[in-house]
Amino acid sequence: VRRLSLFLLLAAACAGSGPSPAGPTDTVEAGPAAAAEEAPAPAAPPLTPAGYLAQLEELSALATKNKGDCAALAAALTRAFEERRAALLAPDPALTKAISGDDALRPRMEAAMGALMEGGLACRDDPAYRALAPAIRPAAATAPAAAPPL
Amino acid sequence: MKRHPITGAAALAGLWLSAGAASACPWDNETYHAEARSLPCVFEVLVGAYPQHTEEYYEARIYAADQALLFAPYYLEALDMKAVALLKLRRYEEARAVLLARAAADPDGYETHANLGTLYTFTGELDLALEHIDKAMAKEPEAHFGREKYHRMLVVYLKDVAADPEVAKKRDFLGLSLTRAQLTGGSKGEFKKSGLEEDAFDALASMISVYGADEVPDLYLAFGDLLALRGERRLAWTAYQRVVEMKHPRAKEIKKWQRELWTKIRDDYGPGEGMSEGLYRGIDQAYAGERATAKTIRKEYAAWEKERLAAGLAVFRDEGLAEIYKKQAEVRPRCKAPGILRGELAGVEAPR
């Protein structure tokens, strides 16, 4: 995953696009330099709800893996977020709506979000973890400027 | 906990709305636990003898929601959880920002409109509140276990009172203006004739005990009127007592009603009717005792909740909420919903 993440970062830097909509996988073997030299990467297709969820599940797996070690969790989440910044920083709001309306995806989303909430709550008083939010979202922008028309 | 500010149209509605806002029907993942199957019984609601969440609980819900929103900023369940917690803490501007994010992600969602309707009710933006309540009800006509319509009636009433403060002296928000005969001669038959439905009791109990409108005298006035009309005179007396204590503009008139009710209650429960002496000797004494008990209940529950939060209770999960509501029912039994007035713990019925 780390090798692929590096590839994605380089590809994004060269082509100005984000990571694959399906998120990192272990099956990609192509070297980053070769890929970059051969041709500019095409613009990434829009993220699908399942692809978006897969990325969130990877983050939630870190919460489970690093349970009990807040500093490690904070570091892992920071790294993972940076690797997926293009997809996670300002996602299409319709993605979560689509996930909520899908009987197969919704429970997976609840499980992923539950793991992140649990991990965060357990590390509530940890300085390293508390530094996570301002580090990855310096200006927490979760709200649009105005409500949509009625 | 902060009191509701007097805002907008609610302020115009009159000083007795010093609690400043009305009840409403917000929706998040706690709603089912809090209301679907049980509620505090009517008597407990009237005297305040039910556990209330601590500020620490809502802060924990907000923090938990933020952990999800950090990575998925439009996760609807977390937006609802955070917005409702902010509403409970009276942090309306923060709640507004969260709910606008929710509206961006789910512009047609029932929860979007139900929660915005609630926000605007609390802030006194009553026209906006009505628009969103109507949107919510159009999406789900039987929304919120059929209780959303009472939220709507309350907002319409507040608008009417804002336009003409005299309205508050003539009728309650359900439109009731009891006659003397209805006040002391209420019965199930009289209630049925009024066209009102039993779910009104559930709705009022929710508004007061779940949504934090426990300082809004208009709700207790409507509760008293409903109970009197249905022949629940002891409960009606209790509801009216809260109205008097909260200095509603009709307090003087309502004190007279209480005396008439008390006379009727004594006739109903006179000695030798199989009732204990305490029940007929002094309802005001019993009331004072229950109000004192209410404080103890809340204090004990708050201590438990804080302890569990410190231990990491998962307030965002069903299991955590189930533990909370199990404890609340242990502290003070709850009545089955819908139909809490029919619950066996709902109070002593007068002989027929």
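**Salt bridges, aromatic pairs and helix packing**

In chain B, residue B:R96 is buried, with a relative accessible area of 18%, where buried stands for under 20% relative accessible area, exposed for over 50% and partly exposed for values in between (1.4 Å probe, protein chains only). B:R96 forms a salt bridge with B:E93, the closest N and O atoms being 3.0 Å apart; a salt bridge here is a side-chain nitrogen of Lys or Arg within 4 Å of a carboxyl oxygen of Asp or Glu. In contrast to its buried partner, B:E93 is exposed, with a relative accessible area of 52%. Because B:E93 and B:R96 stand three residues apart in helix α6 (residues 92-105) of chain B, about one helical turn separates them. Elsewhere, A:K97, B:D80, B:R102, B:D106 and B:E111 are joined into one network by salt bridges that share partners.

The model is predicted, and local features need pLDDT of at least 70, side-chain atom pairs count only at pLDDT 80 or more, and totals for chains, interfaces and linings use all residues. Side-chain values use heavy atoms, with hydrogens and water left out, while residues are numbered from 1 along each chain as its sequence is written, and chains are lettered from A and ligands numbered from 1 in the order in which they are written.

Over all chains, the structure holds 32 salt bridges, among them two within chain A that are described here. In one of these, the side chains of A:R85 and A:E82 meet at 2.8 Å, taken from N to O. A:R85 counts as partly exposed, at 27% relative accessibility, and A:E82 is likewise partly exposed, with a relative accessible area of 32%. In the other, the side chains of A:D103 and A:R106 meet at 3.0 Å, again from N to O. Here A:D103 counts as exposed, at 57% relative accessibility, whereas A:R106, at 26%, counts as partly exposed.

Aromatic side chains were examined by ring geometry: rings of Phe, Tyr and Trp (its six-membered ring) pair if their centres lie within 6.5 Å, and planes under 30 degrees apart count as stacked, over 60 as edge-to-face and the rest as tilted. By this rule, eight aromatic pairs are counted over all chains. One of them joins B:Y57 and B:Y58, whose ring centres lie 5.2 Å apart and whose planes stand at 75°, so the pair is edge-to-face. Both of these tyrosines, B:Y57 and B:Y58, are buried. Further along chain B, one aromatic cluster is formed by B:F191, B:F201 and B:F223.

Aromatic rings also lie under charged groups, a charge being placed over a ring if NZ of Lys or CZ of Arg is within 6 Å of the ring centre and within 35 degrees of the ring normal. Between the two chains, the charged end of A:R124 sits over the ring of B:Y63, at 4.8 Å from the ring centre. Within chain B, the charged end of B:R298 sits over the ring of B:Y50, and here the distance to the ring centre is 4.7 Å.

The secondary structure of chain A comes to nine helices and zero strands, with helices (H or I, at least four residues) and strands (E, at least two) taken as DSSP runs numbered from the N terminus. Of the 150 residues of chain A, 37% count as buried.

Helix packing was described by axes fitted to C-alpha atoms, for helices over the stretch in contact, with angles from 0 to 180 degrees between N-to-C directions; angles under 35 degrees count as roughly parallel, over 145 as roughly antiparallel, 65 to 115 as roughly perpendicular and the rest as oblique. Across the two chains, the axes of helix α7 (residues 105-122) of chain A and helix α4 (residues 55-69) of chain B come within 8 Å and cross at roughly 120°, and α7(A) and α4(B) are therefore oblique to each other. Within chain B, α6(B) packs with helix α7 (residues 110-122) at an angle of about 160°, the axes being 10 Å apart, and α6(B) and α7(B) are therefore roughly antiparallel to each other.

Two loop residues of chain B have a positive phi without being glycine. B:R90, with a phi of about 65°, is placed in the loop between α5 (76-88) and α6 of chain B, and B:R90 is buried, with a relative accessible area of 11%. B:K247, with a phi near 60°, is placed in the loop between α15 (233-245) and α16 (251-268) of chain B; unlike the buried B:R90, B:K247 is exposed, with a relative accessible area of 66%.
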